[in-house]
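User: I'd like to learn how to read strands, helix packing and single residues in a model like this one. Can you walk me through it?

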Amino acid sequence: MIPTLGELMYPANARFAVLMYHSIAFPENGREKHLSCPPPLFERHMRYLHSSGYSALSLTDIFDRLAHGKEIPEKTVSITLDDGFEDNYEHAYPVLRRYQIPATIFLISGWIGKTNAWMTGHQGVVRRMLTWRQIREMQSGGIEFGAHTVSHPRLSGLDDSAATSEILASKQDLEAGLNREVRHFAYPYGDWSDSVRDKVRKAGFVTASGTRPGFNNPATDRFELRRIDIRGTDSMRRFRQKVLFGTNDGGWPLPLRYYGERFFKKIRGRA
Ligand SMILES: [Zn+2]
């Protein structure tokens, strides 16, 4: 869960952070707070990346560069939004266009044009999902779409044929609707097993994103991409720290904290 010193020390021109958002909307209750980022805060996040020297690249751009042995710019980030909420079109898309920031939206193919019925039991708020019309318009505007299964199950709990069908059918359905190859996958709930990862690879995806935090680099397993969980409750200070250190807790990375505390203990011991 914690980035190692080796990962943090990986040359800055060869590592990248993938940020994970879900709904871009004001949370309607406490349980929604971690999934819903208020639109004004999302705007501040994107403005900060735009004005602070970050290079925002799409996942496809990053992996094309890696495949051709090209360098990745320093301070590279990639924006991802999971599930395909309609508010991504209303609130995220205009901001992304304004700052020329590419993004990947991971769609649940079976819920397109419907509501978030798979989650209302625990979130308690009904939210609309993107329609095909909105998806196609965003694709023309430079947004990239990835697959997030057909129905958002925990893949490691399914038998082989059910898991294969969730993975493969979502790719095929999206490719038919988008008329474009779908190269990126995200595991629902960040849940995967070795056999799930193999199925995603065999289905023909180029990457698969999980929810483990940390930076990625050319040595990171492409089917276990790390992502930083950006929450609607994060202050700007916390957001800056998360992106800078590649962690979810927004503070100094634990290895540095560990050595820092040992150092101060030593000093105190001598005093
Ligand atoms: Zn999801």
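Analyst: We'll go through the ground rules, then strands, then helix pairs, then two single residues.

User: What are the ground rules?

Analyst: This is a predicted model, where local features need pLDDT of at least 70, side-chain atom pairs count only at pLDDT 80 or more, and totals for chains, interfaces and linings use all residues. Residues are numbered from 1 along each chain as its sequence is written, and side-chain values use heavy atoms, with hydrogens and water left out.

User: How do I read a strand, and which strands pair with β3?

Analyst: Labels first: helices (H or I, at least four residues) and strands (E, at least two) are DSSP runs, numbered from the N terminus. Two strands pair if DSSP finds at least two bridges between them. Here, β3 (residues 76–83) runs parallel to β4, with 5 bridges joining them. Strand β1 (residues 16–21) also pairs with β3 in the parallel sense, over 6 bridges. Strand β2 (residues 55–56) does so over 2 bridges, again parallel.

User: Which residues should I click on to see those pairings?

Analyst: For β1 with β3, try L19, whose bridge partner is I79. For β2, A56 stands opposite V77 in β3. Between β3 and β4, T80 has T104 as its bridge partner, and D82 stands opposite F106.

User: Is β4 buried or exposed?

Analyst: Buried means under 20% relative accessible area, exposed over 50%, and partly exposed in between (1.4 Å probe, protein chains only). In strand β4 (residues 103–107), 5 of the 5 residues are buried, so β4 is largely enclosed by the rest of the structure. β3 gets the matching verdict: 8 of the 8 residues are buried, so β3 is largely enclosed by the rest of the structure too.

User: What about the two faces of β4?

Analyst: The general idea is that side chains in a regular strand alternate between the two faces of the sheet. In β4, A103, I105 and L107 are on one side, T104 and F106 are on the other, and both faces are covered.

User: On to helices. How is a packed pair described?

Analyst: You give the angle between the two axes and the distance between them. Axes are lines fitted to C-alpha atoms, for helices over the stretch in contact, and angles run from 0 to 180 degrees between N-to-C directions. Under 35 degrees counts as roughly parallel, over 145 as roughly antiparallel, 65 to 115 as roughly perpendicular, and the rest as oblique. Take helix α2 (residues 39–51) and helix α9 (residues 236–245): their axes come within 11 Å and cross at roughly 45°. That makes α2 oblique to α9.

User: What is the handedness of the α2 and α9 crossing, and which residues touch?

Analyst: A crossing is left-handed if the near helix is turned anticlockwise from the far one by less than a right angle, and right-handed if clockwise. α2 passes α9 in a right-handed crossing. With contact meaning heavy atoms within 4.5 Å, L41, R44, H45, Y48 and L49 of α2 meet M236, F239, R240 and V243 of α9.

User: How do α6 and α7 pack?

Analyst: The axes of helix α6 (residues 132–140) and helix α7 (residues 160–178) come within 10 Å and cross at roughly 70°. That makes α6 roughly perpendicular to α7. W132, I135, R136 and Q139 of α6 make the contact with D173, L174, G177 and L178 of α7.

User: And α7 with α8?

Analyst: Those two pack at an angle of about 40°, with axes 10 Å apart. That makes α7 oblique to α8, and the crossing is right-handed. From α7 come D160, A163, T164 and I167, and from α8 come S195, V196, K199 and V200.

User: Now a single residue. What does W132 touch?

Analyst: W132 is found in helix α6 and is partly exposed, with a relative accessible area of 26%. Leaving aside neighbours within four places in sequence, W132 is in contact with I112, D173, L174, G177 and L178. W132 and G113 are 19 residues apart in sequence and 6.9 Å apart in space, C-alpha to C-alpha.

User: Where is V206, and what surrounds it?

Analyst: V206 lies in the loop between α8 (194–202) and β7 (207–209). At 17% relative accessibility, V206 counts as buried. Not counting residues up to four places away in sequence, V206 touches F63, R183, R222 and F223. V206 and R183 are 23 residues apart in sequence, yet 5.2 Å apart in space, C-alpha to C-alpha.
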